Amino acid sequence: MAGGAFAYPHADPHHLGGMQATGTAHTGVAPKRIVTGYGFWIFILSDMVMFSAFFATYAVLLHQTAGGPSGRELFNLRNVVIETGCLLASSFTCGFASIAADFRNRTWFQVAMAITCVFGLAFLAIEGREFADLVERGAGPTRSAFLSAFFTLVGCHGLHVSAGELWLLTMMAQVFAKGFRADIQRRILCFALFWHALDIIWIAVFTIVYLIGSAQ
């Protein structure tokens, strides 16, 4: 046992000599990529809490139409399905962009992010047209508590998508100018988490607001 870990306990106070020999023991702080991803997940969870409050408000006010139109009379499910398809497709291309970033492939990264941007803009265009049509029909956010809750919930998600579009364009510009530096890679990771979270929230919006609302 001479020269072994047990012969010199002061050199291995936690008796990890075997683990160190196999290379499975780790010391020091976690890599910045892991810390950044963990911290951003905390932000996303706080955002989920906010949306949960909006969903709860919408559920309470669903039937508070004040004699005005309900979701069954207002919602165009065909357009909403197209809208949903655009956002889900953007999630796929966003994932492709993340893979391209991992392989340091600028061309495919830019192509995938550009397609993601187009899908996101199409989503916002359909949603904006839906809002404008509702206001023209006299079903604006001040018409009833139900519509106030609807515009707040769906509009808040739309604002998040708009912010994501600006973030997306910023990432494309940074990669074009500076390449895949470590800090830019971390920002791409955070953007991907943010964009996929928006898709998850939209699935809940589609189900609770549009499908259930149209059946009321």
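A salt bridge is taken here as a side-chain nitrogen of Lys or Arg within 4 Å of a carboxyl oxygen of Asp or Glu. The model on display is predicted, and a search of the whole structure returns three such salt bridges. Side chains of opposite charge can pair when their charged atoms come close.

**First selection: Arg 187 and Asp 183.** Display both side chains; their closest N and O atoms lie 3.3 Å apart, and the pair forms a salt bridge. Both residues belong to helix α7, which spans residues 182–215. Because they are four residues apart in that helix, about one helical turn separates them. Arg 187 is partly exposed, with a relative accessibility of 31%.

**Second selection: add Arg 181.** Keep Asp 183 in view, since Asp 183 also forms a salt bridge with Arg 181. In this pair the closest N and O atoms are 2.7 Å apart. Asp 183 has a relative accessibility of 18% and therefore counts as buried, the limit for that class being under 20%. Arg 181, at 37%, counts as partly exposed.

With Arg 187 selected again, recall its salt bridge with Asp 183. Through shared partners, the salt bridges join Arg 181, Asp 183 and Arg 187 into one network.

**Third selection: Arg 137 and Asp 133.** Move next to this pair, in which Arg 137 forms a salt bridge with Asp 133. A distance label between their closest N and O atoms should read 3.2 Å. Colouring by relative accessibility gives 44% for Arg 137, which is partly exposed. Asp 133 is likewise classed as partly exposed, at 34%.

Conventions. Residues are numbered from 1 along each chain as its sequence is written. This is a predicted model: local features need pLDDT of at least 70, side-chain atom pairs count only at pLDDT 80 or more; totals for chains, interfaces and linings use all residues. Side-chain values use heavy atoms; hydrogens and water are left out. Buried means under 20% relative accessible area, exposed over 50%, partly exposed in between (1.4 Å probe, protein chains only). Helices (H or I, at least four residues) and strands (E, at least two) are DSSP runs, numbered from the N terminus.
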